[in-house]
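Hello,

As promised, I am handing over the structure we talked about. Please have a look at it first, and then read on for what turned up.

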Amino acid sequence: MLQAIELSKRYEDGHLALDSLNLEIKPGEIFFLLGANGAGKTTTINLFLNFIDPTSGMLTINGIDVVKQPLLTKKYVSFVSENVMLYGNFSARQNLDFFANLGGKTNLTRKDYYNVMRSVGLQEDAFEKKLKTFSKGMRQKVGLAIAILKDADNVILDEPTSGLDPKSASELMQILANLRNKGKSILMCTHDIFRAKTVADRVGIMKEGRLVMLRNREEFLQDDLEKIYLHYMQEAIMFDDANLKS
Amino acid sequence: MIWLIAKKDFILNLTSSRFVIGFLLCLVIIPFTMVVSVDGYKNQMRVYEVDRAEALKKWQEVKVYSAVRPEIVKEPEALGIFTRGIEGNMGNSLTIRLGEYPLLLTGHAGTRDNPLLNAFFSIDFTTVIAILMSLLALVFSFDLFTREREEGTMKLVFTNGVSRSAFLMAKFLGVFITLVPILFFSFMLSTLIVVLNPAIAFSSAEWLGIILLFGAAILYLMVFILLGMVISAWSKKSSTAIVVSLLAWVWLLFLVPDIAYYSSQSVSKVAPYDNVLYSLDELDRVFREKTDEKWGEIQKQMGLDGIGHWNWSGGYDGYDELYGCTWETNEFHRRLNAWREPARLDNADKKWTFQKEWLDGLQRQERTRQVMSWLSPSEIFQQIASSLCRTSPESYLNYMQRIREYRATLIAYFHGKKLFESFSYFTQQDPKTFLTIAKTQQMEEEGFFDSKNFKVPPYWEGSYYLPLNLDDVPKFTFQKQNAAGSLKASLGLVVGLLSLGIALFLVVIGVFQKYDVR
């Protein structure tokens, strides 16, 4: 379970990136965090992963304080970034092997790696190819395979569908659904409202560091999610324009 | 976890083009450097053997004690093949004289058969290691953090419960285990070239010196890896880090030594030796005047109108050799030498105060240069290396000090045997065969010296006498510093380099704790 309580982050330059965020993602839930660029989505992820410290508030992963016990909380979380690069001179299998070992899975075999790569839809002939030859979509799949191998209770994804072709994005959603079925808490930050509609259990929209809208699946399917989202996005664009003019 | 990341980095490094280039550079540069150094050492040995044979020949031809002028020929330092240091620039021999303290070696400084080839600039093994290893260390470490950050892998690593300190240790270890084999290979290659050369035989102490040199090189390598890590931890981009690294490399390897050299001459000035020579000439002039006065005084004491010589060789430097002269002449020389040689020693002491002041100035200047160049790890390493290889200025000055001590021993021997006041100081002729002036005059009157009848007695000629047996005269010996002694001499520098490494390590820990991994 991922939890943020009254979470705020103000950067050194004075910019308030996150303002009293309250969020809870339960086991077996996919939460889509939507918002314009600079809304605070990535800051939220960085705080959960302890890449930055909060200004105030609290974060927990499986009930453990992220700030107080950062290393322990990392055991219970996997992360897939927007641009999975990994080690280009390693093959997909070698990358999996390295990160699996790093995550404490030391007894996995080549077969296990192949199985997980198959499960994310990677072609067989790519398993032993160097990652630097992979397309972005293929790399994202390897990144996801790494997250699956870690088998952590929580999965955090930062814009994973960005740059992916529709087929790959659709496959990714299927994988997330499978992970949810295994009881994982999934937090996905994205602009991809259409994918949200396919698998999300809950959706939150962030604007200027605040969670301005929260809907469960029934609610956002009933409402016109695109319209709501565009409304907030439009406000954000107008705000940006005003800032530019001033 | 540390080993896992380090192993990953090691494998990635091995397959990188920078590793291949670094390895090839060592493979090409080290053998050429060693071949040139070995050739230089062989030339030095050849010159040494010739000079030593000449010195021995001169020693074996001495017929009077006043001609005892031991010639010291310095044996080339075998470890100079690895670290040339001061070796080869300072002359290789020196003649011990009573009239002056040994100051600096003279003789052959350049050993090339063709002097025009002295313009050829060659660097030694240690310099190659200092340049290559520092460059490789920076090339492999400048983007240790920036690359992982730019490629997004750092985030992924840190989501796997890796602490920053563990990551840092692992990154250091990854580069270290990549470069140590290159360093080891370079040493193995260089020692192989030495081993395959039958003209060179290293003692066990010298092999130990090479092992210690390898240890110092490892320490040096670590310092530059840590420096690269500090730069990487401070930089947000690899492009910035590589520029900073290259600037740091040029500054530390090329500018600091030059600045230290130039500044030391401004900070610690030394008057030209010509000034010292002027004072020495003045003292010598006074000494000569006093000698002339003493000459007249003894002559007067002995009631002699003049001093006649049959067969005399000598000079102002104290060499005095007489044969076939009258008892009065011999006695005159005995009395003169009994006064003159101790006076010559006193004069040498007076001259030494000027020379020592100048020498101390040189030492101060060199020390200033050394201390200033401690700003560069490369210079610290070079100083450790020259100390371990016994080619440092300190080793040279120790050698000169030992020569001065030998001179003192020799003087004590002359005093102990009362040689200055003896006839044997200037002649081998038996005093019983000395003729008085009165006797000579009588013999002349009797026609003994008529050209028709006169036949020169053989004992009136120097060629009649065999060279002196100088077996009991103290000989110069020099106990080369063993490896433990060399290590002790360089311990301060080793501790300095180690401290620099620890300081950089602490800095990189401090900087990396705040490193933005996003």
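**Strands at the start of chain A**

In this predicted model, strand S1 (residues 2-10) of chain A pairs with strand S4 (residues 56-61) of chain A in the antiparallel sense, over five bridges. Within that pairing, A:Ile5 has A:Met58 of S4(A) standing opposite.

S1(A) has another partner too: strand S2 (residues 16-25) of chain A runs antiparallel to S1(A), and six bridges join the two. One of the residues to look for here is A:Leu2, whose bridge partner in S2(A) is A:Ile25. S1(A) and S2(A) form a hairpin, with five residues between them. In the turn you will find A:Gly14, with a positive phi of about 95°.

**Where the two chains meet**

How many residues of chain B are in contact with chain A? There are 22, and they touch 21 residues of chain A. Together the two chains bury about 2200 Å², and 70% of that is on carbon and sulfur atoms. Of the area that chain B buries against chain A, 27% comes from B:Leu156, B:Thr159 and B:Arg518, more than from any other three residues.

On the chain B side, helix H1 (2-14) and helix H5 (153-158) are the elements that give two or more residues to the surface touching chain A. Sorted by class, this side of chain B has 10 nonpolar, six polar and six charged residues. The rule finds zero salt bridges across the interface of chain B and chain A, but four residue pairs are in polar contact there, both residues being at pLDDT 80 or more.

**A few residues worth a visit in chain A**

Most residues other than glycine have a negative phi. Two loop residues of chain A go the other way. A:Asp151, in the loop between helix H5 (136-150) and strand S7 (154-158) of chain A, has a positive phi near 55°. A:Glu208 lies in the loop between strand S9 (202-207) and strand S10 (210-216) of chain A, and its phi is positive as well, near 50°. A:Asp151 is partly exposed, at 44% relative accessible area, and A:Glu208 counts as partly exposed at 34%.

Finally, is A:Leu230 buried or exposed? This residue of helix H9 (residues 225-245) of chain A counts as exposed because its relative accessibility is 55%, and exposed means over 50%. Its C-alpha atom is 30 Å from that of A:Ser78, 152 residues apart along the chain.

Enjoy exploring, and best wishes.

Technical notes:
Residues are numbered from 1 along each chain as its sequence is written. Chains are lettered from A and ligands numbered from 1 in the order in which they are written. This is a predicted model: local features need pLDDT of at least 70, side-chain atom pairs count only at pLDDT 80 or more; totals for chains, interfaces and linings use all residues. Side-chain values use heavy atoms; hydrogens and water are left out. Contact means heavy atoms within 4.5 Å. Buried area is the accessible area (1.4 Å probe) that two parts lose on being put together, summed over both. A salt bridge is a side-chain nitrogen of Lys or Arg within 4 Å of a carboxyl oxygen of Asp or Glu. A polar contact is a pair of N or O atoms within 3.5 Å; within protein, one must be able to donate a hydrogen and the other to accept it, and residues adjacent in sequence count only if both atoms are side-chain atoms. Helices (H or I, at least four residues) and strands (E, at least two) are DSSP runs, numbered from the N terminus. Ala, Val, Leu, Ile, Met, Phe, Trp, Tyr, Cys and Pro count as nonpolar, Asp, Glu, Lys and Arg as charged, and the others, Gly among them, as polar. Two strands pair if DSSP finds at least two bridges between them. Buried means under 20% relative accessible area, exposed over 50%, partly exposed in between (1.4 Å probe, protein chains only).
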